[in-house]
Structure formats: C-alpha cells, structure tokens
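Got your viewer open? Load the model, set it to cartoon view, and let's take a walk through it together.

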Amino acid sequence: MSGKMIVICAPSGTGKSTLLNRLKKDHPELEWSVSCTTRPKRQGETDGIDYHFIEKSDFEKQIAEDMFIEWARVHSNYYGTSKRFVDEGMKLGKHMLFDLDVQGADAMKKIYGPLAQIIFIEPPSVEELEKRLRIRGTDADHVILERVNNARKEILRKHDYDHIVLNDDVNLAYGRLEKIVKAILV
Ligand code: ADP
Ligand code: 5GP
C-alpha cells in the first residue's frame, strides 16, 4: 500500500505551525518532512526538528546536486524538501507530512497527483493574519509587510487545492484539520 503525502499550505501568520505542532503530536504515524532553509532560526526553533538551517552557499550546492524534490524562494529565503526523505518514505509506504508554500504545494501535486493531498489553511482575514504576525513578534516590520503582501496573493489560490480549513478559532480549526487528515489516511 502506498503512503499518503499530506501537504499543509498556508500564508505565513495563519497559524499553520500552531496546528501542525498539535497534529504531529497526535499523529506520530505521520513522518514529518524537515525542510532546509536559509532563513535565520526563530526563538524556540530547533535545528534538525523545525528545519535544517543552512547557509545560502550550502543550499545552492544542494540545488546543483539535485538534492531537493522541490525548492522555492519564499520571502527572500530559500526553502527546500529533501528528495531522499520523500523517496525513502515512498519506498517504505510511509505517510508523510509537509509544510510548504504554494509553489511547493503545486510542485508536489504535479509530481504525485492525488497521492499528494494539499490542505490550505486560511486566515479569517489578511488584517487578522497581520495582527497574528505582530503578536508573534518574531519578525521585523519589513518582513511582516512582505509576508502580508504574499498572503494576499496566496489566499487567491485557495480553491486550487484539495481541502480548505479556516483557522478562526484554533480548537475548531484543529478539529476540522484532523477530520480531513483522518479521512485521507483511511
Ligand atoms: P504560521 O506558522 O502560519 O506562520 P503560527 O502558528 O506561528 O503561524 O501563528 C502565528 C501567531 O498566531 C502565533 O502567535 C500563534 O500563537 C497565533 N495563532 C495561531 N492560531 C490562532 C488563532 N486561531 N487565533 C488567534 N491566534 C492564533
Ligand atoms: P516560515 O519562514 O514562516 O517558517 O515559512 C515560510 C514559508 O515557507 C511557509 O509558507 C512555509 O510553508 C514555506 N516552506 C517551508 N518549508 C518549505 C519547503 O521545503 N518548500 C517550500 N516550497 N516552501 C516551504
């Protein structure tokens, strides 16, 4: 039996990491894809768990060596998914969990078709998303503005994906997300 690929896609500030952390705890059967990134580590993040935090030159070397199944420049940083992780997971029939931007979600759909199920998490509004980014307090003003501008564009794409979850109340949103995930894994 082949494993499923669950791709969570959401504009930055929607609350995706909050929901994903809960999903990872409740569903250890989902193998978490640790992406590589060139962005600086935030407070509370751990190298090798949240991301592999690497230098730009290392990232570019890995692109040249074809180490990524997909990679993208998001908010002025590189992010990429390990090809080896996906290939090994596929071989062993494991269910895998990804956190990707819209470019990454599109790439996975193109490669894996219905095996990759894209769940788009939507904020109640762009204003609320900006408020969440400001309350989180991990990004400089210009970074927040860049993320808010990208969010406007990404939200327009929501109907291109397999499922949409509204993150208004976090507990309700988690319930909706988990229901979709369980249905995918059946
Ligand atoms: P993302 O991973 O999408 O960038 P985070 O999970 O870091 O977003 O959430 C951004 C901020 O919003 C955090 O401070 C988080 O605690 C908060 N947050 C998440 N979900 C909700 C929600 N439903 N209502 C209000 N605040 C939320
Ligand atoms: P953040 O910097 O907030 O952790 O993530 C910024 C954006 O990059 C988010 O939309 C996240 O989903 C996306 N992202 C994280 N890892 C990857 C990856 O490996 N590939 C792609 N394409 N996007 C990623």
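Below is a tour in a few stops, from the whole chain to the two ligands.

**Stop 1: the whole chain.** Before you click on anything, keep in mind that this is a predicted model. Colour by secondary structure and you can look for seven helices and nine strands. The radius of gyration is 16 Å, close to the 16 Å that the globule rule gives for 186 residues, so the chain is as compact as a globular protein of that length. If you like boxes, the C-alpha atoms fill one of roughly 45 × 40 × 30 Å along the principal axes.

**Stop 2: ligand 1.** Select ligand 1 and show the residues around it. Which residues come nearest to ligand 1? Of the 14 around it, they are Gly13, Lys16, Ser17, Thr18 and Arg136.

Now zoom in on some of the contacts:

- Gly13 uses its backbone: an N or O atom there lies 2.8 Å from an oxygen atom of ligand 1.
- Thr18 brings a polar side-chain atom to 2.6 Å from an oxygen atom of the ligand.
- Arg136 has a side-chain N or O atom that is 2.8 Å from an oxygen atom of ligand 1.

Taken alone, ligand 1 exposes 560 Å², and the protein buries 75% of that. Switch on a surface and you'll find ligand 1 sitting in the largest pocket. Highlight helix 1 (16-26) and helix 5 (126-136), the elements that give two or more residues to its shell. Helix 1 has the largest share, with three residues. Colour the shell by residue type and you get two nonpolar, seven polar and five charged residues.

**Stop 3: ligand 2.** Next, select ligand 2, whose space is also the largest pocket. How many residues surround ligand 2? There are 19, and the closest are Lys16, Arg39, Tyr51, Tyr79 and Asp99. Lys16 may ring a bell, as it is also among the nearest residues to ligand 1.

Here are some contacts to click on:

- Asp99 has a polar side-chain atom 2.5 Å from an oxygen atom of ligand 2.
- Arg39 places a side-chain N or O atom 2.6 Å from an oxygen atom of the ligand.
- Gly80 joins in with a polar backbone atom, 3.2 Å from an oxygen atom of ligand 2.

On its own ligand 2 has 510 Å² of accessible area, and the protein covers 96% of this. For the last selection, pick strand 5 (68-74) and strand 6 (77-82), which each supply at least two residues of the shell around ligand 2. That shell divides into six nonpolar, six polar and seven charged residues.

Definitions and conventions: Residues numbered from 1 in each chain as written. Chains lettered and ligands numbered in written order. Predicted model: local features only at pLDDT ≥ 70, side-chain atom pairs only at ≥ 80, totals over all residues. Heavy atoms only, no water. Near = heavy atom within 4 Å. Polar contact = N/O pair within 3.5 Å; in protein donor to acceptor, adjacent residues only side chain to side chain. Areas by Shrake-Rupley, 256 points an atom, 1.4 Å probe, with all protein chains shown as cover. 1 Å grid on protein atoms, 1.4 Å probe; cavity = no way out; pocket = protein on both sides within 12 Å on 5 of 7 lines; lining within 4 Å. Sits in = over half its atoms within 2 Å of the grid points. Helix = DSSP H or I, 4+ residues; strand = E, 2+ residues; numbered from the N terminus. Nonpolar A, V, L, I, M, F, W, Y, C, P; charged D, E, K, R; others polar. Rg over C-alpha atoms; globule rule 2.2 N^0.38 Å.
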